[in-house]
Amino acid sequence: MHKYERIIYWSENDNKFIVEVPELAGCMADGDTAEQALKNAEVIISEWIETATEIGWEIPQPKGRLMYARKC
């Protein structure tokens, strides 16, 4: 399991749970359940890292926890 922070929320527009991985630009996954979305995120994180490595991007180190949260 990757150690990157994940933000999970319900999207009314998509009618799915969405998982964002803020430390990896554009890295997102979805699923019909929260569990499935998190499982899909693991696959997408691996693919993001693989692609970034192939094109020579620096892979960010996981920061661990969110330092603050802002309610919009």
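The following paragraphs lead through the strands, side-chain pairs and surface of this predicted model.

Residues are numbered from 1 along each chain as its sequence is written, and side-chain values use heavy atoms, with hydrogens and water left out. Because the model is predicted, local features need pLDDT of at least 70 and side-chain atom pairs count only at pLDDT 80 or more, whereas totals for chains, interfaces and linings use all residues.

The description begins with the strands. Helices (H or I, at least four residues) and strands (E, at least two) are DSSP runs, numbered from the N terminus; two strands pair if DSSP finds at least two bridges between them. Strand β1 (residues 7–11) and strand β2 (residues 16–20) run antiparallel and are joined by five bridges. Within this pairing, I8 of the one strand faces V19 in β2. The two strands form a hairpin, with four residues between them. On its other pairing, β2 meets strand β3 (residues 28–31), again in the antiparallel sense, over four bridges. Here E20 has M28 in β3 as its bridge partner, and I18 stands opposite D30 in β3.

The turn of the hairpin contains a backbone feature of note. Most residues other than glycine have a negative phi. N15, in the loop between β1 and β2, has a positive phi of about 60° although it is not a glycine. Is N15 buried or exposed? With a relative accessibility of 51%, N15 counts as exposed; the classes are buried under 20% relative accessible area, exposed over 50%, and partly exposed in between (1.4 Å probe, protein chains only).

Strand β3 shows how its side chains are distributed. In a regular strand the side chains alternate between the two faces of the sheet. Along β3, A29 and G31 point to one face and are buried, while M28 and D30 point to the other and are not buried. G31 has a relative accessibility of 4%, and therefore counts as buried. Setting aside neighbours within four places in sequence, the contacts of G31 (heavy atoms within 4.5 Å) are K16, F17, Q36, A37 and N40. The C-alpha atoms of G31 and V19 are separated by 8.5 Å, the two residues being 12 residues apart along the chain.

On the other face of β3, M28 is partly exposed, with a relative accessible area of 42%. Together with I7 and Y9, M28 forms a nonpolar patch on the surface, with about 250 Å² of accessible area together. Such patches are made of residues with over 30% relative accessible area and no salt bridge; nonpolar side chains (Val, Leu, Ile, Met, Phe, Trp, Tyr) are joined within 5 Å, and like charges within 9 Å. The areas come from the Shrake-Rupley method with a 1.4 Å probe, and for residues only the protein chains shown count as cover.

How many aromatic pairs does a search of the whole structure find? The search finds two. The ring centres of W10 and F17 lie 4.9 Å apart and the planes stand at 70°, so this pair is edge-to-face. Rings of Phe, Tyr and Trp (its six-membered ring) pair if their centres lie within 6.5 Å, and planes under 30 degrees apart count as stacked, over 60 as edge-to-face and the rest as tilted. W10 is partly exposed at 36% relative accessible area, and F17 is partly exposed at 25%. The pair of W48 and W57 is tilted, at 5.9 Å centre to centre with 55° between the planes. W48 counts as buried at 14% relative accessibility, whereas W57 is partly exposed at 49%.

Side chains of opposite charge can pair when their charged atoms come close. A search of the whole structure finds two salt bridges, each defined as a side-chain nitrogen of Lys or Arg within 4 Å of a carboxyl oxygen of Asp or Glu. In the salt bridge of E42 with R6, the closest N and O atoms are 2.2 Å apart. This pair links distant parts of the chain, with E42 in helix α1 (residues 34–55) and R6 in the segment before β1, 36 residues apart. E42 is buried, with a relative accessible area of 17%, and R6 is partly exposed at 22%. K16 and D32 meet in the other salt bridge, at 2.7 Å from N to O. That pair also links distant parts of the chain: K16 lies in strand β2 and D32 in the loop between β3 and α1, 16 residues apart. K16 counts as partly exposed at 24% relative accessibility, while D32 is exposed at 55%.
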